[in-house]
Amino acid sequence: MNSLLRHKGWTWGFRSTILLYFVVLIVLPILGVYYNSFSLGFANFMESISDPIAWKSVILTLQLALAATIINVVLGTMIAWVLIRYKFPGRSLLNSLVDLPFALPTAVGGLMILLLLGPGSLIGGIADKLGFEIVFHRPAIVIAMVFVTFPFVIRAVQPLLEELDPSEEEAAYTMGASGSRVFRQVILPSMVPGMVGGGMLAFSRALAEFGAVVLVAGNIPGRTLVSSVFIYGEVESDNPTGAAAVSVILLTLSFLILWLINVVQMRGRRA
């Protein structure tokens, strides 16, 4: 009986510690952002998000994050396909390098882009001669977003390809289906949940990226000023309420995306 009570007490204490950790590090900061955004009233909140610079930064962030997500879905699916379906020298190294954006500080990623594509670099110099610039313009922001969200689609699609039964493809080929038809009707449907889920995670992560973007963005309102950099500027300008108002928009979008990911995963399990 005593051992049972000790066991129950240990379980209760372990669960309580995890819940406390979750509440302190995640729930309370989120509630704090929502509270501060509405601390001066709903009218002040609407005034903050209706500021032209604020909503233009949100719209620009959505556009660039969507562009980065599309690139990641296409390239990530192709890379996952190559890593699973083909054997070649260096495949293990390439597979391990996929997670490099997770290991590196995002500011280091931004510095790499700056050094590689900046005005003083070879590629930046060639681009300048051709009449367009990369760094401090939208292309650099998209590249930074692609870099930090690179692994999501790959790691979401890979296990689905590994679990795909080869006999289904063989049966389709035996029945006379072409390679393109087998891909469209057998392989692609199996990859779609990973493509959608990974793409949503990449989109949500790109919305909030700061470390890599701040080094390569031009911070021009309406053109290169994204939401994360705008929030940082509002905090530096001693306007935490305005920063919290824009943060609420990004948080709400992230919550919606996570909810959609759960819906997609649940439907995938039922299928």
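**View 1. D238, an exposed residue in a loop.** D238 counts as exposed because its relative accessibility is 68% (exposed means over 50% relative accessible area, buried under 20%, and partly exposed in between, with a 1.4 Å probe and protein chains only). This is a predicted model, where local features need pLDDT of at least 70, side-chain atom pairs count only at pLDDT 80 or more, and totals for chains, interfaces and linings use all residues. Residues are numbered from 1 along each chain as its sequence is written, and side-chain values use heavy atoms, with hydrogens and water left out. D238 sits in the loop between α13 (227–236) and α14 (240–270) (helices are DSSP runs of H or I with at least four residues, strands are runs of E with at least two, and both are numbered from the N terminus). Its phi is positive, about 60°, even though D238 is not a glycine. Most residues other than glycine have a negative phi.

**View 2. F136, another non-glycine with a positive phi.** Here phi comes out at about 70°. Look for F136 in the loop between α7 (122–129) and α8. With 36% relative accessibility, F136 counts as partly exposed.

**View 3. T149 and its polar partner N72.** T149 belongs to the loop between α8 (138–148) and α9 (150–163). It counts as buried because its relative accessibility is just 1%. The side chains of T149 and N72 are joined by a polar contact of 2.5 Å (that's a pair of N or O atoms within 3.5 Å; within protein, one must be able to donate a hydrogen and the other to accept it, and residues adjacent in sequence count only if both atoms are side-chain atoms). What else does T149 contact, leaving aside neighbours within four places in sequence? Besides N72, the list has A202, R205 and A206 (contact means heavy atoms within 4.5 Å).

**View 4. A68 in helix α3.** Helix α3 covers residues 52–85. A68 has 1% relative accessibility, so it counts as buried. Not counting residues up to four places away in sequence, A68 touches V142, M145 and V146. L188 is 120 residues from A68 along the chain, and their C-alpha atoms are separated by 21 Å.

**View 5. A nonpolar patch on the surface.** L20, Y21, F22, V23, V24, L25, I26, L28 and L31 make up this patch, with about 860 Å² of accessible area together. Patch members have over 30% relative accessible area and no salt bridge; like charges are joined within 9 Å, and nonpolar side chains (Val, Leu, Ile, Met, Phe, Trp, Tyr) within 5 Å. A salt bridge here is a side-chain nitrogen of Lys or Arg within 4 Å of a carboxyl oxygen of Asp or Glu. Accessible areas come from Shrake-Rupley with a 1.4 Å probe, and for residues only the protein chains shown count as cover. One of the members, L25, lies in helix α1 (residues 2–37) and counts as partly exposed at 49% relative accessibility.

**View 6. Two spans from the UniProt record.** The unreviewed entry lists "transmembrane region" at several places, including residues 58–84 and 182–203; such annotations may be inferred rather than shown by experiment. Residues 58–84 are 100% helix, with end C-alpha atoms 37 Å apart. Residues 182–203 are also 100% helix, and their end C-alpha atoms lie 29 Å apart. As for the protein chain, it has 14 helices and zero strands.
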